[in-house]
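I opened this notebook to record what I looked up, entry by entry, beginning with charges over rings and ending with a pocket.

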Amino acid sequence: MASKPSPGSADQAINDGWYTELSPMWPGQGLSLKVKEILYRGKSDFQDVCVFESESMGTVLLLDGVIQATDRDEFSYQEMIAHIPMCALERPAKKVLVVGGGDGGVLRELARYPDVEEIHMAEIDKMVPDVSKQYFPEMAVGFSDPRVTLHICDGIKYVEDSPEHSYDLIVVDSSDPVGPAEVLFEKPFFEALHRAVRPGGIVCTQAESLWLHLDIIKALAGMCKEVFAGGSVSYATTTIPTYPSGQIGMLVCAKARTEQGEGGSAPLDPRIPRQAEPGPLPQLGVPELKYYSHEVHTAAFVLPVFAKKGLEGCLTFQ
């Protein structure tokens with residue numbers, strides 16, 4: 001008798017030529033895409049990895065049966081999680097860390113900034129960047145930037161081992177809080193992030209959907225408000241068709257400034273873009289921005305009434 005497909009695998013999700021994304025994170029619903037061809041199937045030490053060509057969204061990357069990126073809409077997430085914190089900083093970032101993000105999209109966006117001197121990535125699963133370089137070259141092009149150093153390691157341990165005040169910005173490009181990414185939503189990790197980022201610096205992390213995970217966002221924001229005491233915690237949104245509910249957010253946590261730093265001791269307001277919008281990077285084939293602008297930056301922090309009420313008391317600026 002053939003064995004049953006394991007939960008979270010592509011085998012379980014692909015049926016009669018259609019892929020349907022199912023998860024306990026969004027019970028009772030699923031997004032379906034028509035499959036033209038399965039390009040890659042693999043099982044790493046951490047997760048099931050699948051790449052397929054879809055009829056409507058181009059090439060699709062799945063981890064444990066959950067969409068991570070598609071050709072058609074990946075830029076809306078990658079640009080926003082990178083450029084909102086980069087442009088909110090009071091001085092240009094020189095040293096940046098990405099935790100997770102093995103598809104390379106955030107690296108591509110960070111590479112647009114000429115003032116950046118070092119970009120480090122701590123990714124636990126080597127299969128993800130390897131597969132992305134092969135099947136998502138336009139997204140994984142950031143790995144080619146000479147300022148990028150890829151560390152295949154436990155991201156939490158990497159952050160814990162980083163010297164205090166190491167980074168101007170840390171972007172946590174994580175999967176949902178199930179499986180190997182679950183610990184990336186817990187307080188000890190955020191305490192390590194707070195230690196590793198400089199005063200006035202920013203930690204920006206994937207923070208789920210207002211429509212599906214308001215309780216998770218509220219708990220995460222409340223915890224971050226304790227960890228980033230004296231700083232600020234804000235939630236920004238972006239639209240992306242192939243993520244559950246078509247919306248996902250980022251928690252933007254600014255560490256308290258020193259009184260001698262820029263702006264005195266008042267918490268940094270990330271709703272204000274302070275750095276110039278980045279341009280293309282012809283040497284890597286990175287085009288003009290497709291989603292982010294300073295106008296979109298400011299608008300991203302305006303929450304609908306139900307979300308504003310649901311997150312009352314958890315965010316610094318409301």
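Over the face of which ring does lysine 133 lie? I found lysine 133 over the face of phenylalanine 143, at 4.9 Å from the ring centre. I took a charge to sit over a ring if NZ of Lys or CZ of Arg is within 6 Å of the ring centre and within 35 degrees of the ring normal. I also noted lysine 95, which lies over the face of tyrosine 167 at 5.2 Å from the ring centre.

On sources, I note that this is a predicted model, in which local features need pLDDT of at least 70 and side-chain atom pairs count only at pLDDT 80 or more, while totals for chains, interfaces and linings use all residues. Residues are numbered from 1 along each chain as its sequence is written, and side-chain values use heavy atoms, with hydrogens and water left out.

Next I looked up strand β5, with strands (E, at least two residues) and helices (H or I, at least four) taken as DSSP runs numbered from the N terminus. Five of the five residues of β5 (residues 59–63) are buried, so this strand is largely enclosed by the rest of the structure; buried means under 20% relative accessible area with a 1.4 Å probe, protein chains only. In a regular strand the side chains alternate between the two faces of the sheet. In β5 both faces are covered, with Thr59, Leu61 and Leu63 buried on one side and Val60 and Leu62 buried on the other.

I then followed the partners of β5, counting two strands as paired if DSSP finds at least two bridges between them. Strand β4 (residues 48–54) pairs with β5 in the antiparallel sense over five bridges, and valine 49 stands opposite leucine 63. Strand β6 (residues 66–70) runs antiparallel to β5 and is joined to it by four bridges, with leucine 62 opposite isoleucine 67.

For the turns, I recorded four residues between β4 and β5, where glycine 58 has a positive phi of about 75°. In the hairpin of β5 and β6, which has two residues between the strands, aspartate 64 takes a positive phi near 50°.

Last, I looked at the lining of the second largest pocket (an open set of points on a 1 Å grid over the protein atoms alone, where a 1.4 Å probe fits, with protein on both sides within 12 Å along at least five of seven lines; lining residues have an atom within 4 Å of a point). The largest share of this lining, three residues, comes from α2.

Definitions and conventions: Buried < 20%, exposed > 50% of the residue type's maximum accessible area, 1.4 Å probe, protein only.
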